[in-house]
Amino acid sequence: MAEGGTELYDTTLRDGSQQKGMTLTVDEKLAVARLLDAVGVDYIEGGWPGAVPRDTEFFHRARTELGLRNARLAAFGSTRRPGIAVPDDPQVRALLVSEAPVITLVGKSHTGHVERALHTTLAENLAMIGSTVRHLVGAGRTVFLDAEHYFDGYRLNPNYALEVVHTAAEAGARAVVLCDTNGGHLPDEVGRVVAETRAATGAALGIHCHDDSGCAVANTLAATDAGAVHVQGTAHGYGERCGNADLFTVIANLVLKRGRPVVTPDQLAALTGTAAAVTAVTGVRPRAAAPYVGALAFTHKAGLHASALRVDPGLYQHTDPALLGNTMRTLVSDMGGRSSVALKARELGHDVAAGSEAATRAAARVKHLENLGYSFESADASFALLLHEELGTEPAVPPFTVDTWQVTTAQGAAGPARSQATLHARVGTADRTATGTGDTPVTALDAALRQLLTPGHPRLDRLVMTGHEIRALTSGDGPTTFRVLVSYRDGDRSWSTVGVGPDTLTATWQAQLDAMRYALLGGAPAETPGRPAPAASFAVA
């Protein structure tokens, strides 16, 4: 068993890949496996060779390309089919051909599934499990049995479910993994069944939980408390329906809440970075509020919280985010006050006392502007500009001032519409005119700003506008106003600004101006090699 007596088994590449929208290439599967290996899991389930061509190729390439340092690679498959000898079953042969050192077999432990899904007898099902496990163990493989629908099966016929565990354990399975396949059980029942199964069989047990009742992580912890020594899960809880137990949350809870060192402190500190890297590969974004590793996991908004956090962060945080490689973040809004401003200023590199005149003025401006429709909680760059103004740290001469702007859009008889933006501005002490074109008015304005500013600030040519989000704001019978959040990226750094106006273009333009001012005031990162990401997404909420 792993240090701390609990094994970590990841099934992102197989069970997690059943999530809607998750289709990984072999190269992506290899990349995710390397990330999971580095974070300290003991086993990585690569897929089902022989049944899925992509998985067959994955195992073939993994022999020479993967180079795992911590984990062992596992292949997933089923027991032999009814009435067929193990050596004659092509699926079992494919598992051996994969050369995976570990094989996880799915076996039925629910009498209804045996009789109505497998169309065989209860005795034959036990024989299928026993003979397949013995054959693979005899071939030098480490074998786990995933006892599918175990908790439902145990409720229906506990004696038969226990026989499945007995049979697999006696045949040489390293652990029998009890699966809450439908995800509908609760922690008290899971803990009780695991404890009763362990007492009745003496077998090494594992746990595999789905999240259909919202309890996958809690059920996994209940199982380990009851004696399970092997836990399965997926990165970010990926999986079909409501997903699987989130292995990142499980790891953090085992280490920080149960004192089980299933990963090293360095690996735990890499957890947030690993979670982000997995997301970058899969393209399937998890909840921002995911425990421990989410962007919002240690984010605070209310003023009461901020006042306490200024004195002692532990008063409103259950653990130190640095242990996970995460950081505390303060959201500035009209719900906060001077303490929120002081905390946010500290994040941005300014030493501002909560009782200072600057903090008081900034807090008052935030409340006033948010009453007009602005929102600073997702627009740190706009708040940074506001703070510069209140601290008096702006340059004496603004880097640029736009006097007038105009956008026209035209469409010919053929082809898409094109927009042209013209700016009349002062850059430093010089009057200038700039023109830009684009597919939309927004991209035309962005191009005009670049044409205006890039000659004196060539690094701005690397900036990419990655998206803008539009929200209509209504107040009673008054006119509709619009709030726009614009995002820019420079290499691996990104920032957002907010604008509010009577129409979407005016609001967007305000945010674009702030984004460029922020970059010129030093908010953007220093020059780094490489190209900025070209993709842009635009959403209306």
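I take partly exposed to mean a relative accessible area between the buried limit of under 20% and the exposed limit of over 50%. The model I am looking at is predicted.

**Entry 1, a neighbouring pair.** I looked up glutamate 240 and found 28% relative accessibility, so I note it as partly exposed. Its salt-bridge partner is arginine 241, with the closest N and O atoms 3.7 Å apart. Arginine 241 is also partly exposed, at 49%.

**Entry 2, other salt bridges.** My search of the whole structure gave 22 of them. One joins glutamate 45 to arginine 14, at 2.8 Å between the closest N and O atoms. Glutamate 45 sits in strand S2 and arginine 14 in the loop between strand S1 and helix H1, so this pair ties together parts 31 residues apart in sequence. I find both ends buried: glutamate 45 has 0% relative accessibility, and arginine 14 has 15%.

Next I checked helix H2, where arginine 61 and glutamate 57 lie four residues apart, about one turn. Their side chains meet in a salt bridge at 3.8 Å, N to O. Here arginine 61 is buried at 18%, while glutamate 57 is partly exposed at 38%.

**Entry 3, helix H15.** How far apart are the end C-alpha atoms of H15? I get 21 Å, which agrees with the span expected for its 15 residues at 1.5 Å a residue. Its buried residues include Ala358, Ala362, Val366 and Leu369. The buried set covers an arc of only 135 degrees around the axis, which puts it on the same side of H15. On the other side, I see Glu357 and Asn371 exposed. Just after H15, I noted glycine 373 with a positive phi of about 120 degrees.

Conventions. Residues numbered from 1 in each chain as written. Predicted model: local features only at pLDDT ≥ 70, side-chain atom pairs only at ≥ 80, totals over all residues. Heavy atoms only, no water. Helix = DSSP H or I, 4+ residues; strand = E, 2+ residues; numbered from the N terminus. Expected span 1.5 Å × (residues − 1). Buried < 20%, exposed > 50% of the residue type's maximum accessible area, 1.4 Å probe, protein only. Arc of directions from axis to C-beta. Salt bridge = Lys/Arg side-chain N within 4 Å of Asp/Glu carboxyl O.
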